[in-house]
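Here is a short report on a structure. It takes salt bridges first, then strands, a helix and the surface.

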Amino acid sequence: MPLLSADNVGKVFGGLTAVKGFTLSMEPGEMVGLIGPNGAGKTTVFNLLTGFFPPTTGSIVFDGVDVTGYKAWQVAQQGMVRTFQNIRMFSSLTVLDNLKTAQHFRTGYGLAEAILRLPRYFGEEKRIHADCMRLLEHLELDGVAGEIAGSLPYGYQKRLEIARALSVRPKLLLLDEPAAGLNPTETRELLARLTSIRKEFGLAMLLIEHDMKFVMGICERILVLVYGETIAQGLPEEIRKNPQVLEAYLGTEDHS
Amino acid sequence: MFELSNYHIQVLAFMGINIILAVSLNLINGFTGQFSLGHAGFMAIGAYTAAILTKACGWPFLAATLAGAMLAFLFGLLLGIPILRLKGDYLAIATFGLSEIVRVAIVNFDDVSMKLAGYVGMGDLWPKEITRGALGYPAIPEVKSLLWIYGWAFVTCLVLRNIVRSSEGRAISSIGEDELAAESLGINTARYKTLSFAIGAFFAGVAGALFAHWVTFIKADLFKIDKSIEILLMVVLGGMGSLSGSVLGAVVLTILPEYLRMFAQWRMVIYPVLLILLMLTRPEGLLGKRELSSVIAGLFTRARRSAAAAAT
């Protein structure tokens, strides 16, 4: 059974068709890239899959549950978690608290236990703390655990956003341009990090990226979106040679 | 030996009540980031409910206070669900409208409830005077005890501190930080917005009950927008998202007007000017989002560092 199966998903804003007939099936642990020129509707696809917009047409089944029309937080609780193109940090919270926030819905104590500081509160807080510290170590962020998130350099914040998404313990991680704004060294590090995260946590990833080398280097399968429609899909080598893709990216050859 | 005069005790009492109001409003406006201008409305609900219960029904003070607070909580819960779908200025206007509705409902309660009771054939049984409308509600049993007020202020601060420093509190703060990001991490933001609104309303209700039994005479006009703004100013002055900041704000803004008494009619001129000056010089409030304890700890480390630097 596929982990994610989006069937014929579409979105119309007013009279504008942003995404049309988007179909994607992903296996657990698979790594898929979503590419396309600016304004092709890549982020809209993310918003549709993760419940930020309800789709106009089609259905989305994730991990055996029909999540079509689910709210964003419900989708996240099912195990499909996304990051944002422009980092959305909890800027005035510490790095550690950013991760702890992501564990909220799995916390085993309620409001009354928190107010009265019952034993369950302490037990759970200890577990959450250990859990988040382990994750921070894995992403080499444990050194800044106590820092205010908004004060971190850009590269760290990008990494923190991934760490925070992982803290939800997703089965599918949707990354919206994780390499944007990173320098070549940082990009190489990110590539290695994503590979190791995937191995460690056994999760599937769907990523939007403009850096071709990055996408080709990490994804097993690539989807090309142009004007909201999927014009090609296949292995990286196939996509590289696909004339339609080349045309969409570079224009036709004989432009006078 | 310094003796507290009645006047000083009165100021201390209002200070304690203001601490409860400011700290509880900070949960809504500061931590959750939902701009509410309706705190006086919830205070009115608590004040009237508790006053009626102690005077007309002979309830003990604590039970009446809790009943008033619970009613404010329920109002917060029920009205929070539709109202908190609004954001920013719209939410502020809606919460303001809400507290005006409460006020007008109190003024017209006797007439309207009497008529309604008449329709269902209970006109003779229905008491003629419940809220006493615009005349105000007099002769409330007096509970002039600073112990009650500061006991409740302590409970309010403790409960809110425990909430803020818990998973529930992190969910609430994350909404104030970035609502979309909070949603993306599986947090039911609508639920936590409503919850924090209702908890804030609960303690506003407590403050109302304490206030009513201290002054022993209340009228709906005491709970107008000026009161809400006064509380808001304390929160903003202390720092949105800092509990100790709100305590500080409440203390400063209870004492300050006492010193400004000679310009009594200028108070509402000086207040806004103060707010504008604050926004220009320190938009994050006195403490920002930090708590007093961490600010003091920070001062110590800085002092130690500079001492170490001077030594070398």
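B:Glu179 forms a salt bridge with B:Lys193, and their closest N and O atoms are 2.9 Å apart. A salt bridge here is a side-chain nitrogen of Lys or Arg within 4 Å of a carboxyl oxygen of Asp or Glu. B:Glu179 lies in helix H7 of chain B and B:Lys193 in helix H8 (residues 189–215) of chain B, so the pair ties together parts that are 14 residues apart in sequence. Both B:Glu179 and B:Lys193 are buried. Buried means under 20% relative accessible area, exposed means over 50%, and partly exposed is in between (1.4 Å probe, protein chains only). Helices (H or I, at least four residues) and strands (E, at least two) are DSSP runs, numbered from the N terminus.

This is a predicted model, in which local features need pLDDT of at least 70, side-chain atom pairs count only at pLDDT 80 or more, and totals for chains, interfaces and linings use all residues. Residues are numbered from 1 along each chain as its sequence is written, chains are lettered from A and ligands numbered from 1 in the order in which they are written, and side-chain values use heavy atoms, with hydrogens and water left out.

**Salt bridges**

A search of the whole structure finds 19 salt bridges over all chains. Three of them are tabulated here.

| Acid | Base | N to O distance |
|---|---|---|
| B:Glu179 | B:Lys193 | 2.9 Å |
| B:Asp178 | A:Arg88 | 2.9 Å |
| B:Glu230 | B:Lys227 | 3.6 Å |

Which side chains meet A:Arg88 in a salt bridge? The partner is B:Asp178. A:Arg88 lies in the loop between E6 and helix H3 (95–101) of chain A, and B:Asp178 in the loop between helix H6 (167–177) and helix H7 (179–184) of chain B, so the pair joins two chains. A:Arg88 counts as partly exposed, at 27% relative accessibility. B:Asp178 is buried, with a relative accessible area of 12%.

The bridge between B:Glu230 and B:Lys227 is of another kind: these two residues are three apart in helix H9 (residues 225–238) of chain B, so about one helical turn separates them. An α-helix has 3.6 residues a turn, so residues three or four places apart point the same way. Both B:Glu230 and B:Lys227 are buried. Elsewhere, salt bridges that share partners join A:Glu124, A:Arg127, A:Asp131, A:Arg134 and A:Arg169 into one network.

**Strands of chain A**

Strand E1 (residues 4–13) of chain A runs antiparallel to strand E2 (residues 16–26) of chain A, and seven bridges join them. Two strands count as paired if DSSP finds at least two bridges between them. Two residues lie between the strands of this hairpin, where A:Gly14 takes a positive phi near 60°. E1(A) is also joined to strand E4 (residues 57–62) of chain A, by five bridges and again antiparallel. A:Ala6 takes part in both pairings. It stands opposite A:Leu24 in E2(A), and its bridge partner in E4(A) is A:Ile60.

Six strands of chain A form an open sheet, in the order E6-E7-E8-E3-E9-E10, with mixed pairing. Its edge strands are E6 (80–82) and E10 (229–234) of chain A, each pairing on one side only. Strand E9 (residues 221–226) of chain A pairs with E10(A) in the antiparallel sense over five bridges. The bridge partner of A:Val226 in E10(A) is A:Glu229.

**An enclosed helix**

Why is helix H1 (residues 42–49) of chain A largely enclosed by the rest of the structure? Seven of its eight residues are buried, so the surroundings cover most of H1(A). Among the buried residues are A:Val45, A:Phe46 and A:Leu48. A:Gly51 follows H1(A), with a positive phi near 85°.

**Cysteines and surface**

The structure holds zero disulfides over all chains. A disulfide is a pair of cysteine sulfur atoms within 2.5 Å. A:Cys219 is buried, at 6% relative accessibility. B:Cys57 is partly exposed, at 45%.

B:Met262, B:Phe263, B:Trp266, B:Val269, B:Val273, B:Ile276, B:Leu277 and B:Leu280 make a nonpolar surface patch of about 860 Å². Patch residues have over 30% relative accessible area and no salt bridge; like charges are joined within 9 Å, nonpolar side chains (Val, Leu, Ile, Met, Phe, Trp, Tyr) within 5 Å. B:Val269 is found in helix H11 (residues 267–281) of chain B. B:Val269 is partly exposed, with a relative accessible area of 40%.

Methods:
Areas by Shrake-Rupley, 256 points an atom, 1.4 Å probe, with all protein chains shown as cover.
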